[in-house]
Amino acid sequence: MIGITSYGAYIPFHRLGKETKNWNSATEKAVANFDEDSITMAVAAANNCLNGFPLEGVGTVFFASTTAPYKEKSNAGIVAIASDLPSDTFCLDVTGSLRAGTNALKSAIDAVSSKPERQALVVASDLRIAQPRSDMEGVIGDGAAALLLGDDNVIAEFIDCCCTSQEIVDVWRAEQDSYIRTWEDRFVAEQGYLKLLPEVVTHLMNKHKLSVKDFARVALYGMDVRRHQQMATKLGFDAKTQVQNPLLNSAGNTGAASVPMMLVAALEEAKQGDLILLANYGNGADAFIFKVTEQIEAIRKNRRGVGAYLNSKRILPDYETYLTWRGLFDKAPLQRRPPMRTPSPAAMAREISKNLRFHGTRCQHCGYPQYPPQRICTRCHTRDKFEDYRFSDKRASVFTYTMDALAPTLDPPMVVAVINFEGGGRAFCVMTDRDTSKLEVGIPVEMSFRKLSSSEGIHNYFWKCLPIR
């Protein structure tokens, strides 16, 4: 039996909402912090998905995104390393289409079918930018979802899928474009979305002699709220009992991650025997059928999923902050300017284990973990007797912290903390996604993969801590 064995998701902490000054929209959408991109969100979703699973069992990683930070360099490879997957993991970027997430899902199913001894991880993540004050800006949001595919302890069995492609210029972004472009709404809907998606769904249902009433949950791609409702009505699904919340009013249209996120949300509520239909659109359409198994209850214990992330949020105080984070608004420089230097590729290559995997060491004599890696144990003083120790999946508590209002950051003040890890070990790191009014010594924190800086096209990633969401 091939199918989904685990799931995870990630929705950024910050939102643009009706309380945001100058946002002028009744809807709410998730916006990534200035130190986040599609890779960092993908790592968060992947770690949520892989929690409790042996990492050596993952043989393939598909990273699906239309906004990958690198256009010529493996992005999936960074996701795999930051998730601490084995070095022999096959990594593949899937991009160029809003169907990238479901295209990757189909590829992962094929990969597991041909080599069932290794699981495949699909991570879909997008951080798209629309022109300020455009209609599209109020629709799109940021987020990520992760699905683990395998043939053991399957929680949702793969039944079948149907895929088709179409050449249409409706939503696009060329090489030189900073913003998403769209054609006239009626053309986009009637010649693409409302025409093609029903054909694929109907074909798949007819093939298996299924009716609308046979499905417990239906995850349908939605361009916006109005078109999503129109699609559900056209297909005949009950909006209240069957159609999965598209998150358009709470997180936004998250691009390649949109339908995978809806699937994760559906799995959070599904019961054994439920049939789930998901359908995605973007220069064609994909439709899948999954059947939930008895394993579904066991997997929910350690999954944060969509629901918890939706409830954990902070509304941005003003629209200007969002524009500044996206580089669309120039603020006067801070009194203390940031250092002007490009990350060294040589140094980055040497320190992959320490910086990207966030590995320290554990003394083989006394068992005490330490970060950064040491030659002499800080507790028993034994020399050169250490083993690798992963800190990225460990929780911690704040030992002490300080706030610097003049530090070079787009989200002042910069909070720097010394944290003590559960099981031992201590680290000095920057704190992100924090509410400074709620900071105190002893609060629990977790680690988050973030972007420190970008220069000359090189993205410098590292780990920060944040209060547990």
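## Rings and cores: a quick tour

Visitor: Which residue lies over the face of Tyr389?
Guide: This is a predicted model, where local features need pLDDT of at least 70, side-chain atom pairs count only at pLDDT 80 or more, and totals for chains, interfaces and linings use all residues. Residues are numbered from 1 along each chain as its sequence is written, and side-chain values use heavy atoms, with hydrogens and water left out. A charge sits over a ring if NZ of Lys or CZ of Arg is within 6 Å of the ring centre and within 35 degrees of the ring normal. At 4.7 Å from the ring centre of Tyr389, the residue is Lys394.

Visitor: And which ring has the charged end of Arg426 over it?
Guide: Here the charged end is 4.0 Å from the ring's centre, and the ring belongs to Phe399.

Visitor: How many aromatic pairs are there?
Guide: Rings of Phe, Tyr and Trp (its six-membered ring) pair if their centres lie within 6.5 Å; planes under 30 degrees apart count as stacked, over 60 as edge-to-face and the rest as tilted. By this rule, the count is 20.

Visitor: What kind of pair do Tyr371 and Phe391 form?
Guide: Their centres are 6.0 Å apart and their planes meet at 70°. Tyr371 is in the loop between strands E16 (369–370) and E17 (386–390), and Phe391 is in the loop between E17 and E18 (396–404), so the pair ties together parts 20 residues apart in sequence. Strands (E, at least two residues) and helices (H or I, at least four) are DSSP runs, numbered from the N terminus. The pair is edge-to-face.

Visitor: Is Phe391 buried or exposed?
Guide: Buried means under 20% relative accessible area, exposed over 50%, and partly exposed in between (1.4 Å probe, protein chains only). With a relative accessible area of 0%, Phe391 is buried.

Visitor: What kind of pair do Phe391 and Phe421 form?
Guide: The centres are 4.7 Å apart, with 55° between the planes. Phe421 is in strand E19 (residues 414–421), so this pair ties together parts 30 residues apart in sequence. The pair is tilted.

Visitor: Which helix gives the most to the largest nonpolar core?
Guide: A nonpolar core is a set of buried Ala, Val, Leu, Ile, Met, Phe, Trp, Tyr and Cys residues joined through side-chain atoms within 4.5 Å. The largest has 131 residues, and Phe290 is among those with the most contacts inside it. Giving 10 residues, the helix is H4 (residues 185–207).

Visitor: How many of the 12 residues of H6 are buried?
Guide: H6 is mostly covered. Its buried residues include Met261, Met262 and Leu263, and the count is 10.
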